[in-house]
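Visitor: I'd like a quick walk through this one before I start clicking around. Mind if I just fire questions at you?

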Amino acid sequence: EDDSRSGAGTSGDAGAAAMSGHDVVGLHALYAQSVYLNEYIALLDQVDKVRAVLDKVDEKLLDNEFQAAAEMLLDGCAMAFCEEMRSVGALRETRSELTRRKASLLSDLCALLVTAVYSG
C-alpha cells in the first residue's frame, strides 16, 4: 500500500513538474509582454513631451525668456530627432515645426543682437 502511494506520488510530482514548466513559459510570456508594454508606454510619454515643447517654447517667448526658449527648443529637437523617435510617424509635423522654429528663433536672436550692438 505504501508502494502504491509512493508510485502515485511520483506520477503526481511529474504532473506538477510538467504543469509548473507550462506555468513558467506562460509567466515568461507575460513578463515579455509587460516589458514591451512598458517600453511602449515610455515611448508614448516621450511623444507627449516632444509635442508639449512647442507650447512651452511659445510661453517662454511671450515672456521674453529667450534663453529658456532656446534651451527648450534645442532639447525638444534632440528628443524629436533621436533614433527612437525618428521612427514615430506621428511626430513628422512636430519635427518639421521644431526645425522651422529653431531657424526662426536663431534669426530673431541675431536680429536682437544686431539691434543691441548697433543701437548702443
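## A walk along the helices

Guide: Sure. Keep in mind that this is a predicted model. Helix 2, residues 66-80, makes a handy starting point: 15 residues that reach 21 Å from the first C-alpha to the last, close to the 21 Å expected at 1.5 Å a residue.

Visitor: And the whole chain, then: what pattern does it follow along the sequence?

Guide: The secondary structure comes to 4 helices and 0 strands. Of the 120 residues in the chain, 16% count as buried. Read along the sequence, the pattern is α-α-α-α.

Visitor: Back to helix 2. How wide an arc do its buried residues cover around the axis?

Guide: The buried residues there are Ala 69, Ala 70, Leu 73, Gly 76, Cys 77 and Ala 80. They sit on the same side of helix 2, because the arc they cover around the axis is only 130°.

Visitor: Which exposed residues does the face turned away from that buried side carry?

Guide: One of them is Ala 78, a helix 2 residue. Ala 78 counts as exposed because its relative accessible area is 52%, and the cut-off is over 50%. The full answer for that face of helix 2 is Gln 67 and Ala 78.

Visitor: Staying with Ala 78, how far is it from Arg 95 in space, C-alpha to C-alpha?

Guide: In sequence, Ala 78 and Arg 95 are 17 residues apart. In space, C-alpha to C-alpha, the separation is 10.0 Å.

Visitor: Just before helix 2 there's a loop. Which residue there has a positive phi?

Guide: Most residues other than glycine have a negative phi. Here a residue other than glycine has a phi near 55°. It is found in the loop between helix 1 and helix 2, and is exposed at 55% relative accessible area. That residue is Asn 64.

Visitor: Next door to it is Glu 65. Which side chain does Glu 65 meet in a salt bridge?

Guide: Glu 65 is partly exposed, with a relative accessible area of 32%. The partner is partly exposed too, at 23%. Their N to O distance is 3.3 Å, and the partner is Lys 60.

Visitor: How many salt bridges does a search of the whole structure find?

Guide: Side chains of opposite charge can pair when their charged atoms come close. Lys 60 with Glu 65 is one such salt bridge, and Asp 58 with Arg 101 is another. Over the whole structure, the search finds 5.

Visitor: Take Asp 58 and Arg 101. How close do their N and O atoms come?

Guide: Asp 58 and Arg 101 form a salt bridge, the closest N and O atoms being 2.6 Å apart. The pair links distant parts of the chain, with Asp 58 in helix 1 and Arg 101 in helix 4, 43 residues apart. So, in space, the answer is 2.6 Å.

Visitor: Of those two, is Arg 101 buried or exposed?

Guide: Asp 58 counts as partly exposed, at 31% relative accessibility. Arg 101 has 18%, and the cut-off is under 20%, so Arg 101 counts as buried.

Visitor: Which residues do the shared salt bridges join into one network?

Guide: Arg 101 also meets Glu 97 in a salt bridge, at 2.8 Å from N to O. Glu 97 and Arg 101 both lie in helix 4, 4 residues apart, about one turn of the helix. Salt bridges that share partners make one network of Asp 58, Glu 97, Arg 100 and Arg 101.

Visitor: What separates the C-alpha atoms of Glu 93 and Arg 51?

Guide: Glu 93 has its place in helix 4, residues 92-119, and is exposed at 69% relative accessible area. Arg 51 is 42 residues away along the chain, yet the C-alpha separation is 9.8 Å.

Visitor: On helix 1, which residues form the nonpolar patch on the surface?

Guide: Leu 37 is one of them, found in helix 1, residues 2-62. Leu 37 is partly exposed, with 40% relative accessible area. Together the patch has about 410 Å² of accessible area, and its members are Tyr 36, Leu 37, Tyr 40 and Leu 44.

Visitor: Last one: how many disulfides does a search of the whole structure find?

Guide: There are cysteines to consider, including Cys 82, partly exposed at 26% relative accessibility, and Cys 110, partly exposed at 41%. Still, the number of disulfides found is 0.

Technical notes: Residues numbered from 1 in each chain as written. Predicted model: local features only at pLDDT ≥ 70, side-chain atom pairs only at ≥ 80, totals over all residues. Heavy atoms only, no water. Patch = residues over 30% accessible without salt bridge, like charges linked within 9 Å, V, L, I, M, F, W, Y side chains within 5 Å. Areas by Shrake-Rupley, 256 points an atom, 1.4 Å probe, with all protein chains shown as cover. Salt bridge = Lys/Arg side-chain N within 4 Å of Asp/Glu carboxyl O. Helix = DSSP H or I, 4+ residues; strand = E, 2+ residues; numbered from the N terminus. Buried < 20%, exposed > 50% of the residue type's maximum accessible area, 1.4 Å probe, protein only. Expected span 1.5 Å × (residues − 1). Arc of directions from axis to C-beta. Disulfide = S-S within 2.5 Å.
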